[in-house]
Amino acid sequence: MEDEEETMITIISALSTLPPPQLSLLTNSLLSLSLHHHRRLFSLLSSPSAFSFTLRHLHSLSLSDKSLLIANHLLFTLHHLTRHFLPPPPLPSVALKHRDLDAILLLLLLCDIHQHNPHLLKTTPHSEWREILHKLCSDTVLTQSSVGVHYGGVILPYIEVIARCRRFIGSGIGVEKERTEVVAAPAAVVALPAVEVEKGGGGDCVICREEMEEGRDVCELPCQHMFHWMCILPWFKKRNSCPCCRFQLPTEDVIGDIQRLWSVVVKMSGGTLNLDGR
């Protein structure tokens, strides 16, 4: 499994392939997301009842449930980067519910504090945790809000979150392990466009080996390969990859979709992203 440093290098390399307009759009999007997360975290830390409720919720979750929370957050963060390279149809929304978002923000904050000062919370009564976390969070925001750090102050925390989440779920769920094929998300399949086969025909459908006749409506994937609708729909009920290449549609399997998006990031970082899989 890639360690945290290698993950960060991969993401930085992928970001370096973005042209200035896309990098600016990404930064503005991440800034908005960061402000939203900071507001929710400050609101949580400012309310004794909300903090107590969220902390109890975290304590009630098993290790696998906590790993799944982190995995969903990782999937959400990867969408912000890969959406600039993935073609339509638009990816399904992966926004987290408020309770889950509060839980993951608090969990990551606790993990961060444990990593840098493992004895701080162990030697402090639970009744004082909220005030300590509030002060630490406030100091961090003030440090990152200096004038002239727009890109670094937004991009670097984003990179660190992705690297940290990958490390956590890599050990907790086994992202790097070989996985069986996953089914394409119904929302992604429904969004596929129907195109009319132009004069001269569209060649043979590789699934049934029969010709796609002129004037007939067929399904076109984002990688531009075309198939009969009656052939491709059963195909995507068993897997999410194009029969002709390795292009993958979104799935409803969290780990499978993380692997799909991470493969896009890796290709971006190497400058060899080809949607047709060649």
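Buried here means under 20% relative accessible area, and exposed means over 50%. Keep that cut-off handy for the exercises below, and remember that this is a predicted model.

**Exercise 1. Get the overall picture**

Work out what share of the protein chain's 278 residues counts as buried, and in what order its elements run.

*Solution.*
- Start with burial: 40% of the 278 residues in the protein chain fall in the buried class.
- Next, list the elements. The protein chain has 10 helices and three strands.
- Now read from the N terminus: the order is α-α-α-α-α-α-α-α-β-β-β-α-α.
- Finish with the contacts. Take those with a separation of 6 or more; 70% of them join residues 24 or more positions apart.

**Exercise 2. Find the nonpolar cores**

Say which residues of the largest nonpolar core touch the most other members, and which element gives the most to this core.

*Solution.*
- The largest nonpolar core holds 52 residues, and Leu81, Ile104 and Ile258 touch the most other members.
- Elements giving two or more residues to this core are H1, helix H2 (20-46), helix H3 (48-60), H4, helix H5 (98-116), helix H6 (129-144), helix H7 (150-172) and H10.
- H5 comes out on top, giving 10 residues.
- Zoom in on Ile104: setting aside neighbours within four places in sequence, Ile104 is in contact with Leu69, Ile70, His73 and Leu96.
- Don't stop there, though. A second, separate core has 19 residues, among them Ala184, Val218, Phe227 and Phe247.

**Exercise 3. Describe three helix pairs**

Two packed helices are described by the angle between their axes and the distance between the axes. Do this for H4 with H10, H2 with H5 and H2 with H3, then look at who meets whom.

*Solution, H4 with H10.*
- Helix H4 (residues 63-82) packs on helix H10 (residues 254-270) at about 35 degrees, and the axes are 9 Å apart.
- The crossing of H4 past H10 is left-handed.
- On the H4 side you'll find, among others, Leu68, Ala71, Leu78 and Leu81, and on the H10 side residues including Ile258, Leu261, Trp262 and Met268.
- Sorted by class, the contact of H4 with H10 has 14 nonpolar, three polar and one charged residues.

*Solution, H2 with H5.*
- The angle is about 85 degrees and the axes lie 10 Å apart.
- H2 is therefore roughly perpendicular to H5.
- His36, His37, Arg40, Leu41, Leu44 and Leu45 are the H2 side; they meet His98, Leu101, Asp102, Leu105, Leu106 and Leu109 of H5.
- By class, the contact of H2 with H5 splits into seven nonpolar, three polar and two charged residues.

*Solution, H2 with H3.*
- Here the axes come within 5 Å and cross at roughly 100 degrees.
- Angles from 65 to 115 degrees count as roughly perpendicular, so H2 and H3 get that label.
- From H2, Leu44, Leu45 and Ser46 meet Pro48, Ala50, Phe51 and Thr54 of H3.
- The class count for H2 with H3 is five nonpolar, two polar and no charged residues.

**Exercise 4. Place two helix residues**

Decide whether Thr7 and His80 are buried or exposed, and find a sequence-distant partner for each.

*Solution.*
- Thr7 sits in helix H1 (residues 4-16). Its relative accessibility is 1%, so Thr7 is buried.
- Arg164 is 157 residues from Thr7 along the chain, with a C-alpha separation of 9.0 Å.
- His80 belongs to helix H4. With a relative accessible area of 10%, His80 is buried too.
- Thr27 is 53 residues from His80 along the chain, and their C-alpha atoms are separated by 9.7 Å.
- Leaving out neighbours within four places in sequence, the contacts of His80 are Leu26, Ser29, Leu30, Leu33 and Tyr158.

**Exercise 5. Check the unusual phi angles**

Most residues other than glycine have a negative phi. Look up Arg209 and Gln224, and say where each lies and how accessible each is.

*Solution.*
- Arg209 isn't a glycine, yet has a positive phi of about 70 degrees.
- Its place is the loop between strand S1 (194-196) and strand S2 (217-220).
- Arg209 has a relative accessible area of 64%, so it counts as exposed.
- Gln224, also not a glycine, has a positive phi of about 80 degrees.
- Look for Gln224 in the loop between S2 and strand S3 (226-227).
- Relative accessibility is 63% for Gln224, which means exposed.

Technical notes:
Residues numbered from 1 in each chain as written. Predicted model: local features only at pLDDT ≥ 70, side-chain atom pairs only at ≥ 80, totals over all residues. Heavy atoms only, no water. Axes fitted to C-alpha atoms, helices over the stretch in contact; angles between N-to-C directions. Helix = DSSP H or I, 4+ residues; strand = E, 2+ residues; numbered from the N terminus. Left-handed = near helix turned anticlockwise from the far one by under 90°. Contact = heavy atoms within 4.5 Å. Nonpolar A, V, L, I, M, F, W, Y, C, P; charged D, E, K, R; others polar. Buried < 20%, exposed > 50% of the residue type's maximum accessible area, 1.4 Å probe, protein only. Core = buried A, V, L, I, M, F, W, Y, C linked by side-chain atoms within 4.5 Å. Parallel < 35°, antiparallel > 145°, perpendicular 65-115°, else oblique.
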